Each structure stands twice: as structure tokens, then as C-alpha cells.
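Hi,

Here is the structure I promised to pass on to you. Have a look at it first, and then read on for what turned up in it.

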Amino acid sequence: MSSGKGIYPCVWLLRGKAVKGFDNDEAVSEDPCGLIRSYVESGADGVIVFDRSNGDAEHDEAIDLIRRICEENSVPVIGAGNVRRMEDVKKLIYAGCKMAALNLSKESNRVLAREVCERFGKDRIAGCYKTTENLDKEWKKLSPWLSMKILLDGENADLQPDSDPGSGQEDVSIPEIALVREASPEVLSSRLAINRVAAVSGDGVNSLVTEGGEAVSRIKDSFEASGIAMEKHKKAAFSWEDFKKGPDGLLPVVVQEDSTGQVLMVAYMNEEAYQLTVETGRMTYFSRSRQSLWIKGETSGHFQYVRALYGDCDMDTLLARVVQIGAACHTGSHSCFFNQVTEPRMGAGRTGSATDVLRQDYQTIVDRKENPKEGSYTNYLFDKGLDKMLKKLGEENTEIIIAAKNPAENEIIYEIADYLYHLEVVMAEKGVDWDDITRELVRRQKKG
């Protein structure tokens, strides 16, 4: 989290819906992703997502939903609820959460805090607690393993500035997010005025962000005026005036998928589209044919969420790296660039990045599966089935280990190449492609 104090609404997930609270199953929204998107557009600095699912199947569905939430929003997401094992923390972090929060009322989770901290790092671990729980003696032991505390009963706690709940001693070692029920400036500011409180959350904050961006900006300004430094959202490094526009006053935009590097489309922006894209994090363009603004995905649901924007050397073209939901092209194709004009030249060999080569190999394997060729080793493996494929994969893995111990420099390269081929056969059999893997690796990258 930044040095300024934040506004962090929270959402409780239950069976694919956003519900009212820890003990209230009444639905608030059938579309939690859309709900959180509206919170972020109103000025939320982050969001806490509590998973209230029952059973492993529901939990896995909730993780998939949290992954979508993380993909579609540029603010930090803290994942909480149903965190009992190392695996649960791993799922939340790999889904894209900035932090995973443990329920500290359970002694087993207080023990787990050290284990997951050593695996994922202190900055990825938070802990939820209530002031009614006798944890005063635990904070000294837990402080090396937690980077954030989430106070679930912040609206009822009699918190004194700079004091640990119930101890009367100063505690600024672990920043805190306090959940509050009321949206009044007095309640929110009383919590934010406490040094260790880094953000407010809960129903009160949810009510505030539901009022819209003007209400959030107004209350943040009032806090700043009273001496409470609030989190500042990053501004664009370049203004609209810094770009060279065409004769029509528009700026061309090349859109590239962040996880794969694939070019998806080309569109245009006017000043309003540029400003909205920067402010909302959703790609917004200007239609030359309709002479109007359009948000990509507003009718189709195939939104584009900004990961980064770059001006070229002449500042007359914008490159947008995005998370693409669904297809970018109106034809249903993932990319608009699918009409191949020339074939690769004979003898030129394959060029491009490692992912380009792997994708080409994978497509060849998929083609063999769909169009068997007599004498093909790939078709031999498909005919023998998954057990044979996995046996070969295990053998190739062993060959890599042996090659790594041998002095020959090239041997390990050959064995890794063999392993990747057999891995791709298994991937094709299971319907997993390199784009799936790349997107997952991107999710696992630590955010700032």
C-alpha cells in the first residue's frame, strides 16, 4: 500500500454473487466483477474480497471469480475467507491478489502465518482479527510474518490514537485496515486519524463509493484539509497536448495483449477518450464512422483493461498493453489481424520470440491430433493415450536431471527441448495452450 491512507470497499462472495456480509446471504449484486469495477471507477484505492463459499467446489469457483476481479481492476485486491492451508494462500496470490488474509482467531492460522510468509514474503500476508479476541500477546510473535492487519469490528472498537487494542502501548509496526459500518465523515476520519490505520473498509465505505466519484473525491479532500494524507492515484506522465495528432485531431492506438504480446487491433482516440482511458482503466476510443465515443466491450462484454500505455518516439501513436476479455475483433476472432498476406520465405527458418516458436510447435501438434498422419510419432502418442504420454514426460524429466549433472554444455538443451515437446503433447490432450500458461505466469508476477 502507498504512504497515503486508502478507501477500501469490501465484497462478500457466496455462490457467484456479492452478498451483504459475513452472516447475511442477501444478494447485493449478481455481478461481483461489475460491482467492484463501479467501486474502482468511483475512486476506491483497493478492495477486500471475502470468500464465503462452502466446500472445495464452491471455493474453486470463488477463486476463479477473484482471478477475474484481479484481472479487470488495477487496484490492489486483498483475498480473505476460507484461508486454512498453504494451498489456499497460493491460490489467492496466483489469482492476482496483492495479499492473502488469514483468520487469526484460529490458532492454526497463527502458526500458518510464518510458513506462508517464508514461502511468499511478508508483503503478501495479512491477518483478520476482532478486538474482542484476546490477541494482545500474539502481536509481538506475529509482527515478523504479517504486513497488514484487518480489524473486522472497527466500528465498535474503542481505538485510541497510536495504541494497540487493549494494551495501551504504541503499535505502529503492523498497519491496519478498519471495517466500519457508517459512511459519515466523522466515523471515517476518526479511524483514519489513527497512525496505524492505513485504510478504512466495510459497509460504510461501500455506501460511500456507491454514491459515486464526486462523493469520494469530496470526502478525500476534506480529510486532506484536516491533515490526513490520502492515497494519490497515479496520473498520466503525458498530457493530451504532448501527443501529435492527425489532421482529424485523433491519435492512432495500437492495442497489444499484455500476456501474449499479440497485436489485437488498431483504433483512435480523441482527448475525451484518452482522459477516460487514463482515469477508468478501461480502453475508450473515438469512432470515426459514428463520430462518438465508445468503450470497448460496453455492448459485447469484451472489455479491454489497461495494463500500460506508451507513446512512440515521435509521440504520434499510442501503444496500449491490455487485458483482453473475450475477442478483440467484431468477427469473433481474438485478434483483428488474421488475414495472412504473405507466406514465410523458403529457407528463412522460424523467427520470433520463444513463445512464438512454442505456439507454432503446439499448433502443429494440435493439427496432428485433428488430422492424423501415418507414421507420425505424435499420432502414436495420441493413439496410446494419456498414460503413455505421461510416462514419456516423466522419462524426459529424468533425462534433464541427468544432463544437468553431465559436463556437456549442449546436452541439457537437447533434453529440455525433448521435454517441452512431450509437455505440449500432454497440453494438447488436456486442451491447455501456451496462452493459458502465459496468462497464469503474468498473474503470478508481483505487483509493484
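Please keep in mind that this is a predicted model. A good place to start is helix 7, which is followed by Gly212, a residue with a positive phi near 110 degrees.

**Around helix 7**

Helix 7 spans residues 203–210, and its buried residues are Gly204, Val205, Asn206, Leu208 and Val209. What covers them? The cover includes strand 1 (6–7), strand 2 (10–14) and strand 11 (197–201), together with helix 1 (32–41), helix 6 (185–192) and helix 8 (213–225).

Strand 11 deserves a look of its own. Five of its five residues are buried, so you will find it mostly covered. Strand 1 pairs with strand 11 in the parallel sense, over two bridges, and Ile7 has Val200 of strand 11 as its bridge partner. Strand 10 (residues 176–179) also runs parallel to strand 11, and four bridges join the two. There, Glu176 stands opposite Val197. If you follow the chain through strand 10, helix 6 and strand 11, you trace a right-handed β-α-β unit.

**Two loop residues with positive phi**

Most residues other than glycine have a negative phi. Asn82 is not a glycine, yet its phi is positive, near 60 degrees; you can find Asn82 in the loop between strand 6 (77–80) and helix 3 (86–94). Gln291 also has a positive phi, near 55 degrees, and belongs to the loop between strand 14 (284–287) and strand 15 (292–295). Is Gln291 buried or exposed? Its relative accessible area is 55%, over the 50% cut-off, so Gln291 counts as exposed.

**Cysteines**

How many disulfides does the structure hold? Zero. Take Cys10: the closest cysteine sulfur to its own is in Cys128, 10 Å away, and because a disulfide needs the sulfurs within 2.5 Å, that is too far for a bond. Cys33 has its closest cysteine sulfur in Cys70, and at 9.5 Å this is also too far for a bond. Cys10 is buried, with a relative accessible area of 1%, and Cys33 counts as buried at 1% relative accessibility.

**Nonpolar cores**

The largest nonpolar core has 60 residues. Those with the most contacts inside it are Val49, Ile66, Val89, Leu102, Val116, Trp139 and Leu188. Another core, of 20 residues, lies apart from it, and includes Ala126, Cys128, Met148 and Leu152.

**Aromatic pairs**

The structure holds ten aromatic pairs. In one of them, the ring centres of Phe243 and Tyr274 are 5.5 Å apart and the planes are at 70 degrees, so this pair is edge-to-face. The pair links distant parts of the chain, 31 residues apart: Phe243 is in the loop between helix 8 and strand 12 (251–257), while Tyr274 is in helix 9 (residues 271–280). Both Phe243 and Tyr274 are buried.

Tyr285 and Trp294 form a tilted pair, with 5.0 Å from centre to centre and 40 degrees between the planes. Tyr285 is buried, at a relative accessible area of 0%, whereas Trp294 is partly exposed, at 23%. Finally, look for Trp12, Phe22 and Phe50, which form one aromatic cluster.

Happy exploring, and all the best!

Technical notes: Residues numbered from 1 in each chain as written. Predicted model: local features only at pLDDT ≥ 70, side-chain atom pairs only at ≥ 80, totals over all residues. Heavy atoms only, no water. Buried < 20%, exposed > 50% of the residue type's maximum accessible area, 1.4 Å probe, protein only. Contact = heavy atoms within 4.5 Å. Pairing = 2+ DSSP bridges. Right-handed = clockwise from strand over helix to strand, strands pointing away. Core = buried A, V, L, I, M, F, W, Y, C linked by side-chain atoms within 4.5 Å. Phe/Tyr/Trp six-rings, centres within 6.5 Å; stacked < 30°, edge-to-face > 60°.
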